[in-house]
Each structure stands twice: as C-alpha cells, then as structure tokens.
Amino acid sequence: MDVHLSKLSKTLVLTGLLALAGAASAQKTQLLVYTALETDQIKAYQEGFNKVNPDIEIKWVRDSTGVITAKLLAEKANPQADVVMGVAASSLALLDKQGMLIPYAPLNLDAIMSQYRDKKSPPAWFGMDVWGATVCFNTVEAKKKNIPAPETWQDLTKPVYKGQIVMPNPASSGTGYFDVVAWLTLFGDKDGKGGGWKYMDGLHENIAQYTHSGSKPCNMAASGEFVVGISFEYRANANKAKGAPIDLIFPKEGLGWDLEAFAIHKGTKKLDAAKKLADWASSKDAMLLYGKNFAITAQPGVAAPLANVPKDYEARLVKLDFNYAAEQRERILAEWTKRYNGKTEKR
C-alpha cells in the first residue's frame, strides 16, 4: 500500500512539474515580425533581444522589401503582423499614410538622430541603420574583358558595359527602389519625362537582368557571372571580406539610401511585447549589433568603420525625401515596370 502511494505521489509530482513547465512555455508571448532583414543578420538580433526579454518569442516572416510592403498592404483589412522591423522607412511612411501603424516613442528615442526618424511626436516609425547604394565591380572579369571601372552613374550608360550590369527590380527590392528614387532626385523626374528616366533608359540598354533581391547583383558580380552589380554596402563589404575579387565603387553624383526602420503594426493584440521589442531595437546594444553590418546607425557614433566603406559615406548620400518616396511609389513603380520589366528574372 505504501509503495503504491509512493508511486502515486511521484506520478502526481511529475504531472505537476510537467504542467508547470507547460504553463511556463505557454506564458511566452509570440510576436509575429515582418522583416526584410538579411537572413544572416536575424539570428544575432533575436539573440540580443532575448537576452533582455527571454519571455518573448519572435516569429519572423522574411522577404525582400517590395514583397513585404505589398503583403502588408494586401493584409490591411485583416492585419497579421505585430511588428514591422528592418523594412525601408519609405515603406513605413507609406503604411503610416494608410493608418496602419501605432505611434510609439521608444525608451531610447532621444538618442536617435532626428533625420533618421519620423518627425511626428510620438513617431510612427524610427530608423535602425542606413543602407545605401554601392556598385560591386569584379576586377578579374573586368580585366579579361578590358572593361574600365566606372566612377559615376552616368558611366554605366556607356556601350562598354552592355550586358555586364545587374541591378535589383525596384518593385521587389528596397535597394532597387532607393536607386530609382535617387536617380530621379539627382537627374529629374517630371512624371516620366525627366532626366532620371532618360538616365534609366540608357542604363536599361546595358542591363543584363533585374533581380528580385538587393544582395543578388553583388553576389553575381562576386562570382564573376557579371562585371557590375548594383547593390548595397553591407553585402558588398561582406562579399569582399570573404575574398571575392570585387572593388566597392561609390558613384560620384551621390548615393541612394534608405533606413532599415521599425514600427508597431496597428491591430496587434500584443502591444506590451511589441513596445518591449521597440525599446530594445532603439537601444545602444541593438545599435552596436546593427553597426557590425552597416556604416551608419540611427544613433550617432556607434558603428565602427567598415573596412571597405569610405569614412565620409554619410556625406555622399543623396538628400532623400521619405514623403516623396512614399507618396510617389505607386506611380514610379508603374512607370518603371512599363518601361523596363522585360529584363526582370523569373520568380
């Protein structure tokens, strides 16, 4: 009888422990985070956040900027995401205009430079880091083909580059979109008739393919598939650091850029957890992690210099109007697609 009771009590204790473990597991809040962060960055950011908030589990939905932006807009009437993190500020400005974001001033907002956050108080979004245009130029293949290194965007319209350039499609890639916005800013827009469109007409003659990712053109240049890949500095710096035979070129007229930015999505039922992620994403600890990948973080003086990126990188950025990029997005992409989409890679 005593043996039976002893076994029974052990079973009850074990059952109780399992129930407690189940309850602890069930207490974890799961946040659905839509992102366009590079897959090789996500793990470090998640680990950094979970050191501070181990009771919040992040479930990521990742795609390129244009795809994530389109998905969020399509889900407007039935929102799924709790948070949007590491998506272009120009996209978040568009979502804000559609009334899809919850304004929130994170704990570390005052440390973030004013030009790298929404101007409203409280802001609808804030920046994490700047990512900007870089041309990846394969020196080995260029030498074989006797192709000179370009110094300007205009150089890329010269016949010597015909069939040797790849760049991202702006409808699917944030990198591609900030390139187009920069060229329209630098050379003129005028509803499809300005110098920016004339420039892209000339560039299109030399384009071999438009890709769906901002990283892919640099990867293709790094592997020698093409000589010139229009990409961004994180991927270019990372590929060169791995030994790819590429030079990073920063065209003299100025560089397109955007912010990887953060916002809380309207409709979230997990606002407290979303605010905790916002507080962490705006912190110095988070900025130190962003600074391992990017030359400019939204908090100044945090990022260590990147080996292959010039120290005056920030001064080379085009003066960007996020409202213009957001408000004109549909028109710009429709015009771009009509003119150039024929060379886009198949999905």
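**View 1. D179, a buried acid in helix α6.** D179 sits in helix α6, which covers residues 174-187. This is a predicted model, and here D179 comes out buried, with no salt bridge to its name. Where is the nearest side chain of opposite charge? That one is R329, and it is 12 Å away, whereas a salt bridge needs a nitrogen-oxygen pair within 4 Å. What does D179 touch instead? Leaving aside residues up to four places away in sequence, its contacts are A133, W153, M167, P168 and I230.

**View 2. E38 and R62, a pair that links a loop to a strand.** Searching the whole structure turns up 20 salt bridges, and the one between E38 and R62 is shown here. The closest N and O atoms of E38 and R62 are 3.9 Å apart. E38 belongs to the loop between β1 (29-35) and α2 (39-52), and R62 to strand β2 (residues 56-62), so this pair ties together parts that are 24 residues apart in sequence. The two ends of the bridge fall into separate exposure classes: E38 is buried, at 13% relative accessible area, while R62 is partly exposed, at 33%.

**View 3. K43 and E47, a bridge within helix α2.** Here a salt bridge joins E47 to K43, with 3.9 Å between the closest N and O atoms. Both residues are in helix α2, four residues apart, or about one turn of the helix. Is K43 buried or exposed? K43 is exposed, with a relative accessible area of 59%. Its partner E47 is partly exposed, with a value of 43%.

**View 4. E141 and K145, a bridge within helix α5, plus a note on a network.** The side chains of K145 and E141 pair up in a salt bridge, at 3.2 Å from N to O. Helix α5 (residues 139-145) holds both of them, and they are four residues apart, about one turn of the helix. K145 is partly exposed, at 40% relative accessible area, but E141 is buried, at 14%. Elsewhere, salt bridges with shared partners join E38, D40, R62 and R235 into one network.

**View 5. The largest pocket and what lines it.** The largest pocket has a volume of about 420 Å³. Its lining takes in 19 residues, and the ones closest to the centre are Q115, K119, L320, D321 and F322. Which elements give two or more residues to this lining? They are α4 (89-97) and α12 (322-327). The largest share, three residues, comes from α4. Sorted by class, the lining has nine charged, eight nonpolar and two polar residues.

**View 6. Helix α9, mostly covered.** How many of the nine residues of α9 (233-241) are buried? Seven of them are, which leaves the helix mostly covered. The buried set is E233, Y234, R235, A236, N237, A238 and N239. R235 is also one of the residues in the salt-bridge network from View 4. What do the buried residues of α9 pack against? Their partners are two helices, α2 and α8 (216-222), and three strands, β5 (126-138), β8 (228-232) and β9 (246-249). After α9 comes G243, with a positive phi near 100°.

Key:
Residues are numbered from 1 along each chain as its sequence is written. This is a predicted model: local features need pLDDT of at least 70, side-chain atom pairs count only at pLDDT 80 or more; totals for chains, interfaces and linings use all residues. Side-chain values use heavy atoms; hydrogens and water are left out. Buried means under 20% relative accessible area, exposed over 50%, partly exposed in between (1.4 Å probe, protein chains only). Lys and Arg count as positive and Asp and Glu as negative; His and the chain ends are not counted. Contact means heavy atoms within 4.5 Å. On a 1 Å grid over the protein atoms alone, a cavity is a set of points where a 1.4 Å probe fits but cannot get out, and a pocket is an open set with protein on both sides within 12 Å along at least five of seven lines; lining residues have an atom within 4 Å of a point. Grid points are joined across faces, edges and corners, and a volume is the space filled by probe spheres set on the points. Ala, Val, Leu, Ile, Met, Phe, Trp, Tyr, Cys and Pro count as nonpolar, Asp, Glu, Lys and Arg as charged, and the others, Gly among them, as polar.
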